[in-house]
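Open the model in your viewer and show side chains as sticks. The stops below are meant to be selected one after another.

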Amino acid sequence: MAEEQLIEALAEFMHSAWLQEKFAQGFHLRLTCEGRNDFGPGRLKCPWCHADLIPYADLPERVKDLDRAGARRFFAFARAHAEDVCRLLGGVGPKDADK
């Protein structure tokens, strides 16, 4: 899998995990909110509504870019600590791959 495909896959996974966490905390969809009184773009009366509680595929690109940035930070960390990550996962480290 190419790097950009991995970044996109991880970004989608991270958004899904975030959705589950928000729903568990009591957040809900904006469209299903009983106290839905808009005070303008992005401003809601209900503090438990969140506009990004939608599937990753339906997010605007600017929001997807936030998830992609998090995925890129993860991969930068994984590269910097590749040997330790491989050891923890039970695989070989990059230095052992040629053996």
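**A tour of the salt bridges and the first helix**

Begin at R79, which counts as exposed because its relative accessibility is 52%, over the 50% that the term requires. The model on screen is predicted.

Keep R79 selected and add E3. The two form a salt bridge, with 2.8 Å between the closest N and O atoms. This pair links distant parts of the chain: E3 belongs to helix α1 (residues 3–24) and R79 to helix α2, 76 residues apart. E3 has a relative accessible area of 46% and is therefore partly exposed.

Now zoom out to the whole chain. Three helices and two strands make up its secondary structure, and from the N terminus the order of elements is α-β-β-α-α. Of the 99 residues, 23% are buried. If you draw the surface, about 7,400 Å² is exposed, and 58% of that comes from carbon and sulfur atoms. Taking contacts between residues at least 6 apart in sequence, 46% join residues at least 24 apart.

Select α1 next. How far apart are its end C-alpha atoms? They are 32 Å apart, which agrees with the 32 Å that 22 residues should span at 1.5 Å a residue. Colour I7, L10, A11, H15, L19 and K22, the buried residues of α1. Show α2 as well, since it is part of what covers them. Past the end of α1, stop at G26, which follows the helix and has a positive phi, near 105 degrees.

Move to R68, in helix α2 (residues 61–80). Is R68 buried or exposed? With a relative accessibility of 11%, R68 counts as buried, because the term applies under 20%. Leaving aside residues up to four places away in sequence, R68 touches I7, E8, A11, Y56 and E61. Two of these neighbours, I7 and A11, are among the buried residues of α1.

Add E8 to the selection. A polar contact of 2.6 Å joins its side chain to that of R68. Then add E61, which forms a salt bridge with R68, the closest N and O atoms lying 2.9 Å apart. The partners sit in unlike surroundings: R68 counts as buried at 11% relative accessibility, whereas E61 is partly exposed, with a relative accessible area of 45%.

Extend the selection to K64 and D65. Together with E8, E61 and R68, these residues are linked in a network of salt bridges.

Go on to helix α3 (residues 82–88), which holds both R87 and D84. What separates R87 and D84 along the helix? They are three residues apart, about one turn. Their side chains form a salt bridge whose closest N and O atoms are 2.4 Å apart. R87 counts as exposed, with a relative accessibility of 53%, while D84, at 37%, counts as partly exposed.

To finish, show every salt bridge at once. How many does a search of the whole structure find? The search finds seven, among them the pairs E3 with R79, R68 with E61 and R87 with D84.

Terms used:
Residues are numbered from 1 along each chain as its sequence is written. This is a predicted model: local features need pLDDT of at least 70, side-chain atom pairs count only at pLDDT 80 or more; totals for chains, interfaces and linings use all residues. Side-chain values use heavy atoms; hydrogens and water are left out. Helices (H or I, at least four residues) and strands (E, at least two) are DSSP runs, numbered from the N terminus. Buried means under 20% relative accessible area, exposed over 50%, partly exposed in between (1.4 Å probe, protein chains only). A polar contact is a pair of N or O atoms within 3.5 Å; within protein, one must be able to donate a hydrogen and the other to accept it, and residues adjacent in sequence count only if both atoms are side-chain atoms. Contact means heavy atoms within 4.5 Å. A salt bridge is a side-chain nitrogen of Lys or Arg within 4 Å of a carboxyl oxygen of Asp or Glu. Accessible areas come from the Shrake-Rupley method with a 1.4 Å probe; for residues, only the protein chains shown count as cover. The expected span of a helix is 1.5 Å times one less than its number of residues.
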